[in-house]
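Thanks for coming. I will put the structure up and then walk through a handful of residues before turning to the overall figures.

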Amino acid sequence: ARAMRNTVQYLSRLFRIRDCDLKLPLAEPMRPCLSHHIGRCDAPCANLVPEADYRALVDEAVLLLKGRSRELRARLEADMRAAAAAQRYEDAARIRDQMRDLETVQARQRVDLGSDHEPKDFIAVRRAGKLGAVVVLEARDGLLTDRKQFEIRIPLEQDEGEVLTEFLTGYYLGRSSGEIPREILLSHAPPADDNMEALLRELRGGAVTLEVPQRGEKRRQIELALANAEMQLTEYLARREKKERQNHRVAALQEDLGLPRAPVRIEGFDISHLSGTDTVASNVVFVDGRPSKKDYRHYNVKTVEGIDDFASMREVLGRRFRRLKEEGGPRPDLILIDGGKGQLHMAVQAQQEFGCEDIPILGLA
């Protein structure tokens, strides 16, 4: 998501592509927004740019996204010369700045891939037991234009070459011929009797070479992919370890509180007052020991006059149990309420009213 947002920012800066969701063309032109005034959009919504000119900007953005930066640069240089020849010096200066920004963007991607600018994919796998990481580095026009990573489950009897064979089939199957490069470099050799090259040639409609480089520049490039896969595998393992640690804490809580089952889903309720009059309640949710903010809820207390935390707690818990009984949905394994015996007594009354006595309730005074 971060890479996507950065790309949208680049497109706005380099090509003045709009980032709004207006459905163009509009029946009536509208006033340009701030993006136009700061030079990030040519305001097609206000008819300030001809449709053909805006289409040209979009086509240039597409060239960048496809990694065809040399073609894009040649196109911009031709436009700059044409603008200068026609004495449109402001336009020529703007295109010059655009080329400079393009160079800055590409510098973030630049890795020493040597003089070979042919499209390539570098694919590497690392494993730790049954868990593995596959990384695909896409090189286009001498630049690394994309990195994709995949977490995979590996049977113990499979070696890395067999893993890559299975991965290649799923990764390239269904892709257009233009998306499959002529050269694919691998970290491990597929099985000797494998017909993967023939399959890829058929998908591409042309020559495809699978290679496991052993030395030289290509070996350094595949080592880069291996380093990425190693880093990705470390992240996967750390995430798994953290989850197991969380699960252990949930199990420990079950033991400490003597609960009939592990409190995988915990819901907490609290009563508050706005300006000493309006009564509201909040409901927070933890799943596997981590906050589940999409499940948080806010209640306006409707039936209680004045400040009465006990009655307010009964109303809110009653509404929660009624919804659980009528609509189903995830069932809490433990309910926490902010309050002592009074609030706890009201919560239990609401629980009994809707037949939810099997859910443990804990009051925190």
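**Selected residues and overall figures**

Let me begin with Arg-320, which sits in helix H9, the helix that covers residues 309-327. Bear in mind throughout that this is a predicted model. Is Arg-320 buried or exposed? Arg-320 counts as buried, because its relative accessibility is 9% and the cut-off for buried is under 20%.

What does the side chain of Arg-320 make a polar contact with? One partner is the side chain of Glu-267, at 2.9 Å. A polar atom of the Arg-320 side chain also lies 3.4 Å from the backbone oxygen of Pro-330. If we set aside neighbours within four places in sequence, the residues in contact with Arg-320 are Glu-267, Phe-269, Tyr-299, Pro-330 and Pro-332. So Glu-267 and Pro-330 appear in that contact list, and each has a polar distance to go with it.

Next, Asn-228. This residue belongs to helix H8, residues 216-257. Asn-228 is buried, because its relative accessibility is 13% and buried means under 20%. Its side chain and that of Arg-147 are joined by a polar contact of 2.8 Å. Beyond four places in sequence, Asn-228 touches Val-135, Leu-137 and Arg-147. Val-135 and Leu-137 fall within the range of strand E2, which is 131-140.

Just before that strand is Lys-130, in the loop between strand E1 (120-128) and strand E2. Lys-130 is exposed, because its relative accessible area is 54% and the cut-off for exposed is over 50%. Exposed or not, Lys-130 has contacts beyond four places in sequence: Ile-152, Arg-153, Ile-154 and Leu-156. To give a sense of distance, Lys-130 and Thr-209 are 79 residues apart in sequence, and their C-alpha atoms are 29 Å apart in space.

Now some backbone geometry. Which residues does the cis peptide bond join? The bond is between Leu-24 and Pro-25, with omega at about 0 degrees. Pro-25 is in the loop that runs from helix H1 (2-15) to helix H2 (34-37). Arg-16 is in the loop between H1 and H2 too. Arg-16 is not a glycine, yet its phi is positive, near 55 degrees. With a relative accessible area of 10%, Arg-16 is buried.

Gln-87 is another non-glycine residue with positive phi, here about 60 degrees. Gln-87 lies in the loop between helix H4 (69-85) and helix H5 (89-109). Gln-87 is exposed, at 59% relative accessible area.

Finally, the whole chain. The protein has 10 helices and 11 strands. How does the radius of gyration of the protein stand against that of a compact globule of 365 residues? The globule would be near 21 Å, whereas the protein has 30 Å. Along the principal axes, the C-alpha atoms fill a box of roughly 85 × 65 × 30 Å.

Of the 365 residues, 36% are buried. Among contacts with a separation of 6 or more, 57% come from residues 24 or more positions apart. Accessible surface is about 21,400 Å², and carbon and sulfur atoms account for 50% of that. As for charge, there are 58 positive and 60 negative side chains, and the centres of the two sets are 2 Å apart.

That is the end of my part.

Key: Residues are numbered from 1 along each chain as its sequence is written. This is a predicted model: local features need pLDDT of at least 70, side-chain atom pairs count only at pLDDT 80 or more; totals for chains, interfaces and linings use all residues. Side-chain values use heavy atoms; hydrogens and water are left out. Helices (H or I, at least four residues) and strands (E, at least two) are DSSP runs, numbered from the N terminus. The radius of gyration is taken over C-alpha atoms; the globule rule is 2.2 Å times the number of residues to the power 0.38. Buried means under 20% relative accessible area, exposed over 50%, partly exposed in between (1.4 Å probe, protein chains only). Contact means heavy atoms within 4.5 Å. Accessible areas come from the Shrake-Rupley method with a 1.4 Å probe; for residues, only the protein chains shown count as cover. Lys and Arg count as positive and Asp and Glu as negative; His and the chain ends are not counted. The place of a charge is taken as NZ of Lys, CZ of Arg, CG of Asp or CD of Glu. A polar contact is a pair of N or O atoms within 3.5 Å; within protein, one must be able to donate a hydrogen and the other to accept it, and residues adjacent in sequence count only if both atoms are side-chain atoms.
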